[in-house]
Amino acid sequence: MNTIVRGVILLMFFPAFIACSDKGGHEMDSSKEQIKTIFNKMEKETNWYPEKNDMLWGYFFTDKSKEKLGALATKLQKEGYQLVEIRKDEVDDYYWLHLERIEKHSVNSLHVRNKTLDNFAKNNNINSYDGWDVGPLKK
């Protein structure tokens with residue numbers, strides 16, 4: 001299943017599955033309680049177990065500079081992230097960077113990952129770390 005279709009399916013099941021900021025550069029908001037609620041809903045409604053099984057995690061960043069996002073992608077690829085795309089937003093002057101990584105996450109480890117990526121974006125002068133999505137591995 002391609003990433004866009006997976007994202008649409010996830011949105012149908014989990015309207016709040018992506019914890020995100022707006023493109024105004026505000027800090028990404030994803031509390032441990034929000035993550036716990038999403039994990040519980042995933043396990044109940046889909047039998048996905050992000051703490052027990054490897055899952056495909058998507059991470060998203062926004063900026064007005066495609067070049068800055070490309071440089072960020074290069075840095076994160078060295079840490080095991082796979083570049084999915086850098087695309088122009090259809091509505092405004094922002095670009096989206098989408099990276100993926102196969103891994104397991106607990107509520108705590110995802111919370112730490114979000115804080116780490118948010119700080120990484122700030123330290124690299126990226127407008128925002130916009131959040132995450134998750135789906136099962138392709139069979």
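This report covers the nonpolar core, the aromatic pairs, two lysine–ring contacts and two unusual backbone angles. The model is a predicted one.

**Core**

The largest nonpolar core holds 24 residues. Trp57, Tyr59, Phe61 and Trp132 touch the most other members. Several elements each supply at least two residues of this core. The helices among them are helix 2 (32-46), helix 3 (66-77) and helix 4 (107-123). The strands are strand 1 (55-63), strand 3 (95-103) and strand 4 (128-135).

**Aromatic pairs**

The whole structure contains 4 aromatic pairs. One of them joins phenylalanine 39 and tryptophan 57. Their centres are 6.2 Å apart, with 40° between the planes, and the pair is tilted. The two rings come from distant parts of the chain. Phenylalanine 39 is in helix 2 and tryptophan 57 is in strand 1, 18 residues apart. Both residues, phenylalanine 39 and tryptophan 57, are buried.

Tryptophan 57 also pairs with tryptophan 132. Here the centres lie 5.6 Å apart and the planes meet at 50°, so this pair is tilted. This pair, too, links distant parts of the chain. Tryptophan 57 belongs to strand 1 and tryptophan 132 to strand 4, with their positions 75 residues apart.

How accessible is tryptophan 57? Its relative accessibility is 0%, so tryptophan 57 counts as buried. Tryptophan 132 is buried as well, with a relative accessible area of 0%. Through these ring pairs, Phe39, Trp57 and Trp132 form a cluster.

**Lysines over rings**

Two tyrosines have a lysine over the ring. The distances run to the ring centre.

| Lysine | Ring | Distance to ring centre |
|---|---|---|
| Lysine 52 | Tyrosine 49 | 5.1 Å |
| Lysine 88 | Tyrosine 95 | 5.4 Å |

In the pairing with tyrosine 49, the charged end of lysine 52 sits over the ring. Lysine 88 lies over the face of tyrosine 95.

**Positive phi angles**

Most residues other than glycine have a negative phi. Which asparagine in the loop between helix 2 and strand 1 deserves a look? It is asparagine 47. Phi of asparagine 47 is positive, near 65°, though the residue is not glycine. Asparagine 47 has a relative accessible area of 53%, so it is exposed.

Asparagine 125 sits in the loop between helix 4 and strand 4. Its phi is also positive, about 55°, and asparagine 125 is not a glycine. With a relative accessible area of 55%, asparagine 125 is exposed.

Note on methods:
Residues numbered from 1 in each chain as written. Predicted model: local features only at pLDDT ≥ 70, side-chain atom pairs only at ≥ 80, totals over all residues. Heavy atoms only, no water. Core = buried A, V, L, I, M, F, W, Y, C linked by side-chain atoms within 4.5 Å. Buried < 20%, exposed > 50% of the residue type's maximum accessible area, 1.4 Å probe, protein only. Helix = DSSP H or I, 4+ residues; strand = E, 2+ residues; numbered from the N terminus. Phe/Tyr/Trp six-rings, centres within 6.5 Å; stacked < 30°, edge-to-face > 60°. Lys NZ or Arg CZ within 6 Å of the ring centre and 35° of its normal.
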